[in-house]
Amino acid sequence: MRFEVDQWLRNLVPALYPPTCVLCGAPGEAGGLDLCRGCRADLPLNHHACPVCALSLPAATPAGSTCGACQHKKPPYDACIVPYRYEGVMPYLLTGLKFHARMSHARLLGGLLSGFLSVRESTLPQALIPVPLHRKRLSERGFNQALEIARIPAHDLGIPLALDKCERWRATSAHSGLDARARKRDIRGAFRLRCEPEYRHLVLLDDVITTGSTVAELARVFKRAGVARVDVWALARTPNPG
Ligand SMILES: [Zn+2]
Ligand SMILES: [Zn+2]
């Protein structure tokens, strides 16, 4: 009986609230995403990305080539999966969630990430860890945008969300005005573990990767504690790190 009621509700909700494109208001596409086919085709796919840091590389670069920076010095994480470049509508979708609490954007972004991962990733991690906010920033904003996005792939792909393993215990500056070197200095020592991580493979999830210094610092903390593989998933990568 319980199952029948669940199923009935699951059928009813899309009928009452049919998927609607958050960008243009047209009916959403099949699969339940709040995005129409035309707007989906306009999303800035991150083709030709460095497999380690996801930096967008020139179209002529041979597939699988790592960028100059990763060849020079390998980051502490193993690989980044970032389906889009931070341009076109991506700033609107990501800042709409972060600064205007548009949760419909989190559902859409999480759904896009799930779809991308389900065809690409054969080895799923043992845990998904949204990059934590400092508690002061969390109380100002009321939510962590990385967690709101992470809920969708965690549910769709069946990966446990781990929210109590680490914390951002030192507040950092707003990074938008800082160059790569200043960001790196500012984030150093910002995270700490709350307990020994019992994982071999985990994924850190953030909304946008700019210079990669935040995820690198958190990955370093987990690697030092013995986690063998730390990957990074995010929605968008800025084209040129500062
Ligand atoms: Zn649309
Ligand atoms: Zn790279």
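Biologist: How many bridges join β1 to β7, and do the strands run parallel or antiparallel?
Modeller: In this predicted model, strand β1 (residues 79–81) is joined to β7 by three bridges, and the two run parallel. The bridge partner of Ala-79 in β7 is Asp-231.

Biologist: Which residue of β7 stands opposite Arg-85?
Modeller: Arg-237. The strand β2 (residues 84–85) pairs with β7 over two bridges, in the parallel sense.

Biologist: And β6 with β7, how many bridges there?
Modeller: Eight, with the strands running parallel. Among the pairs, Val-208 has Ala-236 in β7 as its bridge partner, and Asp-206 stands opposite Ala-234.

Biologist: What pairs with β6 over four bridges?
Modeller: That is β3, in the parallel sense. Within that pairing, Ile-129 stands opposite Leu-204 in β6.

Biologist: Why call β7 largely enclosed?
Modeller: Because eight of its nine residues are buried. As for β6, nine of its nine residues are buried, and the strand is mostly covered.

Biologist: Where do side chains point in a strand, generally?
Modeller: In a regular strand they alternate between the two faces of the sheet.

Biologist: Switching to helices. What does α7 pack against?
Modeller: The buried residues of α7 pack against three helices and three strands by name: α4 (90–100), α5 (103–120), α6 (135–141), β3 (127–130), β6 (201–209) and β7 (229–237).

Biologist: Which residues of α7 are buried?
Modeller: Gln-145, Ala-146, Leu-147, Glu-148, Ile-149, Ala-150, Pro-153, Ala-154 and Leu-157.

Biologist: How far does α7 reach, first C-alpha to last?
Modeller: The helix has 13 residues and reaches 19 Å, close to the 18 Å expected at 1.5 Å a residue.

Biologist: What goes on at the start of α7?
Modeller: A side-chain oxygen of Asn-144 comes to within 2.9 Å of the backbone nitrogen of Ala-146. Just after the helix, Gly-158 has a positive phi of about 70°.

Biologist: Where is Lys-165?
Modeller: Lys-165 lies in the loop between α7 (145–157) and β4 (166–168).

Biologist: Is that lysine buried or exposed?
Modeller: Buried: Lys-165 has a relative accessible area of 11%, and the cut-off for buried is under 20%.

Biologist: What is Lys-165 in contact with?
Modeller: Setting aside neighbours within four places in sequence, Lys-165 touches Ile-129, Arg-192, Leu-193, Arg-194, Cys-195, Glu-198, Tyr-199 and Phe-222. One of these, Ile-129, is the residue opposite Leu-204 in the β3 and β6 pairing.

Biologist: Now the metals. What coordinates the zinc ion (ligand 1)?
Modeller: The SG atoms of Cys-21, Cys-24, Cys-36 and Cys-39, at 2.3 to 2.4 Å. Along the chain these donors follow the spacing C-x2-C-x11-C-x2-C. Cys-21 and Cys-39 link distant parts of the chain: Cys-21 is in the loop between α1 (2–16) and α2 (37–41), Cys-39 is in helix α2, and they are 18 residues apart.

Biologist: What is the geometry of that site?
Modeller: Tetrahedral, with angles of 102 to 116° among the four donor atoms.

Biologist: Are Cys-21 and Cys-39 buried or exposed?
Modeller: Cys-21 counts as buried at 3% relative accessibility. Cys-39 also counts as buried, at 16%.

Biologist: And which residues coordinate the zinc ion (ligand 2)?
Modeller: Cys-50, Cys-53, Cys-67 and Cys-70, each through SG, at 2.3 Å. The spacing of these donors in sequence is C-x2-C-x13-C-x2-C. Cys-50 and Cys-67 are 17 residues apart, and both sit in the loop between α2 and α3 (68–72).

Biologist: Why is the arrangement around ligand 2 tetrahedral?
Modeller: Because the four donor atoms around the zinc ion (ligand 2) subtend angles of 103 to 115°. To count as tetrahedral, all angles must lie between 85 and 135 degrees.

Biologist: Cys-50 and Cys-67, buried or exposed?
Modeller: Cys-50 is buried at 1% relative accessibility, and Cys-67 is buried at 5%.

Biologist: Last one. What does the side chain of Thr-211 make a polar contact with?
Modeller: The side chain of Ser-213, at 2.9 Å. Thr-211 is in the loop between β6 and α9 (213–224). From Thr-211 to Pro-130 is 17 Å, C-alpha to C-alpha, with their positions 81 residues apart in sequence.

Technical notes:
Residues numbered from 1 in each chain as written. Chains lettered and ligands numbered in written order. Predicted model: local features only at pLDDT ≥ 70, side-chain atom pairs only at ≥ 80, totals over all residues. Heavy atoms only, no water. Donors = N, O, S within 2.8 Å, 3.2 Å for Na, K, Ca; no water. Tetrahedral: all angles 85-135°; square planar, octahedral: opposite > 155°, others 65-115°. Buried < 20%, exposed > 50% of the residue type's maximum accessible area, 1.4 Å probe, protein only. Contact = heavy atoms within 4.5 Å. Expected span 1.5 Å × (residues − 1). Polar contact = N/O pair within 3.5 Å; in protein donor to acceptor, adjacent residues only side chain to side chain. Pairing = 2+ DSSP bridges.
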